[in-house]
Amino acid sequence: MSDAKFFAKGKAAELRLELMSDKKDKNYTRRKTALKKIVANMTMNNNEMIQLFPDVLDCIKLDSLEIKKMCFLYLINYCRLKPELANKALPALLDDLRDRSPLIRALSLRTISCIPLPAFNEALVDPLGRLLRDPDPYVRKTAAFGVAKLWASDGPLVEKSGLIQGVNQLLVDSNPTVVSAGLAALNDVTDKSEGMKLAIGYQDASKLVQILADCNEWSQTYILSSLMAYTPQDPAEALLMAERLSPRLQHSNASVVLGTIRVILYLTHYISDDTAVQGLVKRFGPPLVTLLSKPHEIQYVALRNCLLILQQYPHILQNDIKVFFCKYNDPIYIKATKLEIIFLLASEDNIKEILRELREYASEIDVQFVRKAVRAIGKLAIKIDAATRYCIDTLLDLVATRVSYIVQEATVVIKNIFRKYPNKYESIISVLCKNLDSLDEPEAKAAMIWIIGEYADRIENSDQLLDEFLFTFKEETIEVQLALLTATVKLFIQRPTKGQELVLQVLKWSTEDTDNPDLRDRGYMYWRLLSSASGNADITRQVVMSDKPTISVESDTLDARTLEELSLNIGSLSSVYLKPVSQIFKGSKVRHLEQSPALRRTDSNLESPVSPGYYPNYAGVNYFATSGGGDLLSD
């Protein structure tokens, strides 16, 4: 019987009959089949299965590991709906904690710790303390995780019972998997506790690095996460620790690679030798490039973390820019992220190659990706002064295609180029004016209107061009209406004879025929300004035609404080969203650089190293057993 057949919707009455005892069924084949059907229906949210609770509980005592697994799964799923019946299963579960088989002991322990009922929590405390010292390492590992689950359900009970100290003893266990499980449990407890903090000394951290090679991927990830609790007291020991961790960068597992990068980046804050720091971060390049050959989901996580790392060390992937060129079969989220990385890696040396690539992207089918490519070209013109002419030529080639959305996006970015480089490149305005019919989006219209108003004295028919837009003034969005109001005032200031009639008309519409307060207030402001300054046109010109704030791409980068926090969370959701962890998970502890004589004095940690509003005031409890020792191209 194939597994697919178990997923047919079943009736509780029929399945109850199948669960009944049958003397001929010595291997419990019939009951196993019935339980598989029950679990399948439970997976399909068939609420009728809850009626079988007493019948499933009768099967728990059967001497079959497969049956116990299914019964325990059923119990975990429905225990909150039927707490009274679930409590009846507790004696059988407690008996299994003393079974000779370590698998059954561990399975029963995991089941009890997953049931958040008071009776189960209280009954688990004493057996859990015993199982933390179980002869079998698999049981000890399960017991460590059981303490973390019990703490999440009833923290005060765990703290009173001394189970934390029991987990602490696992950190000197002879089995590396048990050590990693103990660290994972302590990490989970201390991350959610306001009064406890995991602190690791150099000797203990050194031992953890030593056993990394003997652990599987999961255990290595737990250990690497715990090493963030180690605070170097000397630059030499921080450098030595980073060097010893470097071989983990060659691991095939993406989580291990990113975890290693996170720890090394953390340690660089305590290394005083800049040359040594540069040498360490250069080793990140090949592993990050290798991750791009993984499945798309892993690629995306790697790319998002590349964005974060490149804002600190842009040179590490400078020679690998071709790796980030988009492939035809890349999903849109991969392409968009690669586009952001290409933008970060752009320089005078590779700009021509990048522009050729972006020019190809502008011929893609996906409209949103094409828009991002065009926007990237415009931002590159702002970022690299020497490449502005190349970028403008590329934009003009794209405008010549007369594809509506390309022309509109190009118009928006050219407006920004004019703001960055005033009184330059005005020769391209005539090309834009020939494509006014292609503009139907508010942002593009507002950008073109701004250009006409700003350069009204250099565009021969600027009054006629504005008049065309004014024909639909009352139907336009507020963004376009505000742009038209300002542009007509600029036209009147620069060419009074041609702009007088238009400005009166627009001011009348803006003050008398609109319900929008922003438009009406701006209209009154301009009207009062033009009326009061009629004797002195220079005042009006100084206000309306004043120098604009310098536009740059610096605002797209993260501030030093946020960048520091995110670098301490590489490989997590925080690094994928490029947002502080407190904005993603409420109540999460904010990671920060611990004060130490070895801590480098940078702008980010000098501002307020122990600011009460930023760093929580945790009690420094050492729970390590010692033995001698935001989109850069967004709209």
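The following is an exchange about terms applied to a predicted model.

Reader: What makes the pair of Tyr 361 and Phe 369 tilted?

Author: The ring centres of Tyr 361 and Phe 369 are 5.3 Å apart, with the planes at 45°. Rings pair if their centres lie within 6.5 Å, and planes under 30 degrees apart count as stacked and over 60 as edge-to-face. The angle of 45° fits neither of those classes, so the pair is tilted. Tyr 361 and Phe 369 are both buried, and the pair belongs to a structure in which a search finds 11 aromatic pairs.

Reader: Why is the pair of Phe 473 and Trp 509 called stacked?

Author: The centres of these two rings, Phe 473 and Trp 509, also lie 5.3 Å apart, but their planes meet at 25°. Stacked requires planes under 30 degrees apart, so the pair of Phe 473 and Trp 509 qualifies.

Reader: Which parts does the pair of Phe 473 and Trp 509 tie together?

Author: Phe 473 is in the loop between α27 (462-470) and α28 (478-494), while Trp 509 belongs to helix α29 (residues 496-512). The pair therefore ties together parts that are 36 residues apart in sequence.

Reader: How do you know whether Phe 473 and Trp 509 are buried or exposed?

Author: The relative accessible area of Phe 473 is 2%, and Trp 509 has 17% relative accessibility. Buried means under 20%. Both values meet that cut-off, so Phe 473 and Trp 509 count as buried.

Reader: What makes Lys 335 a charge over a ring?

Author: The charged end of Lys 335 sits over the ring of Phe 369, at 5.4 Å from the ring centre. The limit is within 6 Å of the ring centre and within 35 degrees of the ring normal, so the distance from Lys 335 to Phe 369 meets the first condition. Lys 415 is placed over the face of Trp 450 in a like manner, 5.9 Å from the ring centre.

Reader: Why does Leu 303 count as buried or exposed?

Author: Leu 303, in helix α19, has a relative accessible area of 0%. The cut-off for buried is under 20%, so Leu 303 is buried. Leaving out residues up to four places away in sequence, Leu 303 touches Leu 292, Phe 324, Ile 334, Thr 337, Lys 338 and Ile 341. From Leu 303 to Phe 324 the C-alpha distance is 9.0 Å, across 21 residues in sequence.

Reader: What is the relative accessibility of Leu 163, and what does it touch?

Author: Leu 163 is in helix α11 (residues 163-169). With 4% relative accessibility, Leu 163 counts as buried. Its contacts, not counting residues up to four places away in sequence, include Val 125, Leu 128 and Val 147.

Reader: What sets the phi of Tyr 425 apart?

Author: Most residues other than glycine have a negative phi. Tyr 425 has a phi near 60°, a positive value in a residue other than glycine. Tyr 425 is found in the loop between α24 and α25 (429-433), and at a relative accessible area of 18% Tyr 425 is buried. Arg 402 also has a phi near 60°, and lies in the loop between α23 (388-399) and α24 (404-420).

Reader: What is the volume of the largest pocket, and which residues are closest to its centre?

Author: The volume of the largest pocket is about 1,400 Å³. Its lining has 48 residues, the closest to the centre being Asn 187, Asp 191, Ser 225, Asn 569 and Arg 591. Elements giving two or more residues to this lining include α12 (176-192) and α14 (217-226). By class, the lining has 22 nonpolar, 17 polar and nine charged residues.

Terms used: Residues numbered from 1 in each chain as written. Predicted model: local features only at pLDDT ≥ 70, side-chain atom pairs only at ≥ 80, totals over all residues. Heavy atoms only, no water. 1 Å grid on protein atoms, 1.4 Å probe; cavity = no way out; pocket = protein on both sides within 12 Å on 5 of 7 lines; lining within 4 Å. Points joined across faces, edges and corners; volume = space filled by probe spheres on them. Helix = DSSP H or I, 4+ residues; strand = E, 2+ residues; numbered from the N terminus. Nonpolar A, V, L, I, M, F, W, Y, C, P; charged D, E, K, R; others polar. Phe/Tyr/Trp six-rings, centres within 6.5 Å; stacked < 30°, edge-to-face > 60°. Buried < 20%, exposed > 50% of the residue type's maximum accessible area, 1.4 Å probe, protein only. Contact = heavy atoms within 4.5 Å.
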